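Hi,

Here's the structure I said I'd pass on. Have a look at it first, then read my notes underneath.

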Amino acid sequence: MFTNIDVIIPCYNAEQTLSRAVQSVLSQTYLGKIWLIDDDSKDNTLALAQEWAEQYPEKIVVESMPKNSGVAKARNWGALQSSNEFIAFLDADDAYEQGALEVAAATFRSEERRVGKECRS
């Protein structure tokens, strides 16, 4: 059985686009947790992220950076918070197509089988 994939979404002033991003992830197969990392937004992004977490406490975790540090640091922070073996990233102004994590999971499984065969050879 394949391990689910955690999705890290760094957020900065994403009040207008965050819901679309989150909805696109919630509909995915193989979803572990969604990590919403607010990068010290000046709009209502953090409050919106917390609302999503209240609606889906088993699926969504919110972290808040103490100061604006940029998207790379927010992504890295999210990756450090996740204990999952597999993670994916999504920008807060983007959305996954249906089946995106399923394709990723199939790719990981295929690679695991290939590496396993090489190790046994």
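Below is what turned up when I went through it.

One thing to keep in mind: this is a predicted model.

Let's start with the nonpolar cores. The largest one has 25 residues, and the members touching the most others are Val 7, Ile 9, Leu 18, Val 25, Ile 34 and Leu 36. Five elements are worth finding on your screen here, since each gives two or more residues to this core: strand 1 (5–11), strand 2 (31–38), helix 1 (18–26), helix 2 (45–55) and helix 4 (100–120). There's also a separate second core, made of 6 residues, with Ile 8, Ile 37, Val 61 and Met 65 among them.

Ile 9 is a good residue to click on. Setting aside anything up to four places away in sequence, its contacts include Leu 18, Val 25, Ile 34 and Leu 36, plus Leu 90, Asp 91 and Ala 92.

Next, the aromatics. Searching the whole structure gives just 1 aromatic pair. The partners are Trp 52 and Tyr 56, which are stacked, with 6.0 Å between centres and 20° between planes. Trp 52 counts as buried because its relative accessibility is 10%, under the 20% cut-off. Tyr 56, at 30%, is partly exposed.

Last stop is Asn 84, in the loop that runs between helix 3 (71–81) and strand 4 (87–89). A polar atom of the Asn 84 side chain sits 2.8 Å from the backbone oxygen of Asn 4. Beyond its neighbours within four places in sequence, Asn 84 also contacts Thr 3, Ile 5 and Asp 6.

Cheers

Key: Residues are numbered from 1 along each chain as its sequence is written. This is a predicted model: local features need pLDDT of at least 70, side-chain atom pairs count only at pLDDT 80 or more; totals for chains, interfaces and linings use all residues. Side-chain values use heavy atoms; hydrogens and water are left out. Rings of Phe, Tyr and Trp (its six-membered ring) pair if their centres lie within 6.5 Å; planes under 30 degrees apart count as stacked, over 60 as edge-to-face and the rest as tilted. Buried means under 20% relative accessible area, exposed over 50%, partly exposed in between (1.4 Å probe, protein chains only). A nonpolar core is a set of buried Ala, Val, Leu, Ile, Met, Phe, Trp, Tyr and Cys residues joined through side-chain atoms within 4.5 Å. Helices (H or I, at least four residues) and strands (E, at least two) are DSSP runs, numbered from the N terminus. Contact means heavy atoms within 4.5 Å. A polar contact is a pair of N or O atoms within 3.5 Å; within protein, one must be able to donate a hydrogen and the other to accept it, and residues adjacent in sequence count only if both atoms are side-chain atoms.
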